[in-house]
Amino acid sequence: MVGISFADNNPHEHSTARKVPHMDELAQLPYVHSVGDIIVQAGFVLGYRTIPDYELVYFPEGTGTVYELDGRPFTLNEPMFVFTRPGERHCYRFDPSANVRHFFVHFDYEPFRSDDRFAPLLGCDVFPVLHGSLVPSIVKMMLRVAHTQSAQWKRRLSMLLATALEELCAEAADGAVPERRTPLPLQIARAIEYMDERLDEPLTIEEIARHSGWSHEHFTRVFATAVGMTPKRALLERRLLRAEQLMMAGGLTVKQIAYRVGFGDEHHFSKTYKSVRGMT
């Protein structure tokens, strides 16, 4: 990752402990914790995490990057905004074939917690950049302000972000931004959790379906509708995601990783990984 610029004084701070602003300040303007411009290496995986604040991410180009929120994958195949709320479990699997640039803002905004007029935006997860939208230019202006740090730069950041959020909320209220997807059915959420807990085992879809309490046919049909892929494909994706996390962490051989994510041998794992991800 390169090209990071932070609004706070500590350049190494991202989503860890931060200065807590006065409530009067939050009531008037968003409080920007950090803002940055990042280029991520092809194939990088930012594993599951939660954050204590709000995050708005702008992807200026469509790529094969996948954002996953509570088990739901979203492919960012066109210029996109991603909006993540505090405590939401999410991860990013960046395009395996090319480096990916994106801009981010971490912030708190008290009206989000109490003002119903922001409900249209708060109900969104991933939404395309509309033609003629001002928000991309505003985000880029925030980066310039953070880099130069001229007079009143922190207040300028807050005012620019407030404008961006107002624009996004107006687009959402006009119906231009898709509504947030409904939560996963409880049985499907439990099935995904069951997968994650047993990725090192030779799981079958029949076994996962039995755990959900549904028949194999009904489970497969509902799962595909809710998640956007078959249970078999979802299980494979989660095995590969776990393998990528282990590879990035280092310390294990490919053979060891293959066994830890449920493959019978290194050759099968390597062949499958290349087939799905397009690289060894």
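In this predicted model, helix α3 lies across strands β1, β3, β6 and β8, and its course makes an angle of about 100° with β1. A further helix, α4, also packs on the sheet, where it touches β1, β3, β6, β8 and β9. The direction of α4 stands at about 75° to that of β1.

The sheet beneath these contacts is open and consists of five strands, arranged in the order β1-β8-β3-β6-β9 with antiparallel pairing. Its edges are formed by β1 and β9 (126-128), each of which pairs on one side only. From one strand to the next, the twist averages 15°. Within the sheet, β3 and β8 run antiparallel and are joined by five bridges. The residue E55 has H106, in β8, as its bridge partner.

The nonpolar interior may be considered next. The largest nonpolar core comprises 32 residues, of which F83, F107, F112 and L121 touch the most other members. Two or more residues of this core are given by each of β1 (31-40), β3 (54-59), β6 (80-84), β8 (100-108), α2 (119-122), α3 (135-148) and α4 (153-173). The largest share, eight residues, is supplied by α4.

F112 illustrates how such a residue is surrounded. When its neighbours within four places in sequence are set aside, F112 is in contact with Y54, F83, F107, F118, L121, L122 and L165. Apart from this region, there is a second, separate core of 19 residues, among them L203, F219, F223 and L235.

Note on methods
Residues numbered from 1 in each chain as written. Predicted model: local features only at pLDDT ≥ 70, side-chain atom pairs only at ≥ 80, totals over all residues. Heavy atoms only, no water. Core = buried A, V, L, I, M, F, W, Y, C linked by side-chain atoms within 4.5 Å. Buried < 20%, exposed > 50% of the residue type's maximum accessible area, 1.4 Å probe, protein only. Helix = DSSP H or I, 4+ residues; strand = E, 2+ residues; numbered from the N terminus. Contact = heavy atoms within 4.5 Å. Pairing = 2+ DSSP bridges. Axes fitted to C-alpha atoms, helices over the stretch in contact; angles between N-to-C directions.
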